[in-house]
Amino acid sequence: MAAQRVAIIGAGVSGLCALKCCLDEGLVPTCFERSKDIGGLWRFEEYPEEGRASIYRSVIINTSKEMMCFSDFPIPEDFPNYMHNSKIMEYFRMYAQRFDLLRHIRFRTSVCRVAKRPDFPTTGQWEVVTESEGKQEAAVFDAVLVCTGHHTDAHLPLSTFP
């Protein structure tokens, strides 16, 4: 039987973990990241692209490094206990490098559509349509993991305040 193919949408912290777990289980993951880099919300951008949230320049994590690290990859001893976002990104890059994750990520690739295939009841397969450099491509996957987070659009309840 062929290895199961998994589509992972997003290369932030959840996407990186999902990617590594898939590899650990012998699955064949492909991660689609619409931006140019890993990190998701944790990657500070002075001017984030449309539809992408960004932390602010001075953010320092409010959880100790021992509590926020990946269980299989401790944060280096010399990193501060409460890290600035630049150190968090450095840690994510170390994690991605250590487990050779980057080669499984297709950067600047947007997921346009995810749909059950007509034979889904028997195969459980999904069709994933992506777009990169103005070209759309469809591929079939055995599973889809959505790792996009919930901090994409601002929720401004301005209409409820005078």
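## A helix with two faces

In helix 3, Asn85, Ile88, Met89, Tyr91, Phe92, Tyr95 and Ala96 are buried, where buried means under 20% relative accessible area, exposed over 50% and partly exposed in between, with a 1.4 Å probe and protein chains only. These residues sit on the same side of helix 3, because they cover an arc of only 155° around the axis, taken from the directions from the helix axis to the C-beta atoms. The other side of helix 3 carries the exposed residues Gln97 and Arg98.

A word on what you are looking at: this is a predicted model, in which local features need pLDDT of at least 70 and side-chain atom pairs count only at pLDDT 80 or more, while totals for chains, interfaces and linings use all residues. Residues are numbered from 1 along each chain as its sequence is written, and side-chain values use heavy atoms, with hydrogens and water left out.

### Helices 1 and 3

Helices (H or I, at least four residues) and strands (E, at least two) are DSSP runs numbered from the N terminus. What covers the buried residues of helix 3? Helix 1 and helix 2 (65–68) are among the elements that do so, by contacts between heavy atoms within 4.5 Å. In helix 1, the buried residues are Gly15, Leu16, Ala18, Leu19, Lys20 and Cys22. Their cover includes helix 3 in turn, along with strand 1, strand 2, strand 3 and strand 7.

The table sets out the lengths of the two helices; the expected span is 1.5 Å times one less than the number of residues.

| Helix | Residues | Number of residues | Expected span | End C-alpha atoms apart |
|---|---|---|---|---|
| Helix 1 | 13–24 | 12 residues | 16 Å | 17 Å |
| Helix 3 | 85–98 | 14 residues | 20 Å | 20 Å |

The span agrees with expectation for helix 1, and for helix 3 as well. Each helix is followed by a positive phi: Gly26 comes after helix 1 with a value near 80°, and Asp100 stands just after helix 3 with about 55°.

### The sheet

Four strands make an open sheet with parallel pairing, in the order 3-2-1-7; two strands pair if DSSP finds at least two bridges between them. Strand 3 (105–107) and strand 7 (143–146) are at the edges with a single partner strand each, so one side of each has no neighbour in the sheet. On average, neighbouring strands are turned by 20° against each other, direction ignored. Helix 1 packs on this sheet, touching strand 1 (5–9), strand 2, strand 3 and strand 7, and its direction makes about 170° with that of strand 1. Here axes are lines fitted to C-alpha atoms, for helices over the stretch in contact, and angles run from 0 to 180 degrees between N-to-C directions.

Strand 2 (residues 28–33) runs parallel to strand 3 and is joined to it by 3 bridges. Phe32 stands opposite Arg106 of strand 3.

### Aromatic rings

Phe32 is also among the contacts of Phe141, together with Trp126. Phe141 belongs to strand 6 (residues 135–141) and is buried, with a relative accessible area of 1%.

How many aromatic pairs are there? The count comes to 10, where rings of Phe, Tyr and Trp (its six-membered ring) pair if their centres lie within 6.5 Å, with planes under 30 degrees apart stacked, over 60 edge-to-face and the rest tilted. Phe120 and Trp126 form an edge-to-face pair, 5.1 Å centre to centre with 70° between the planes. Phe120 is partly exposed at 23%, and Trp126 is partly exposed at 23%. Finally, Tyr91, Phe92 and Tyr95 join Phe70, Phe73 and Phe99 in one aromatic cluster.

Terms used:
Lists of a residue's contacts leave out its neighbours within four places in sequence.
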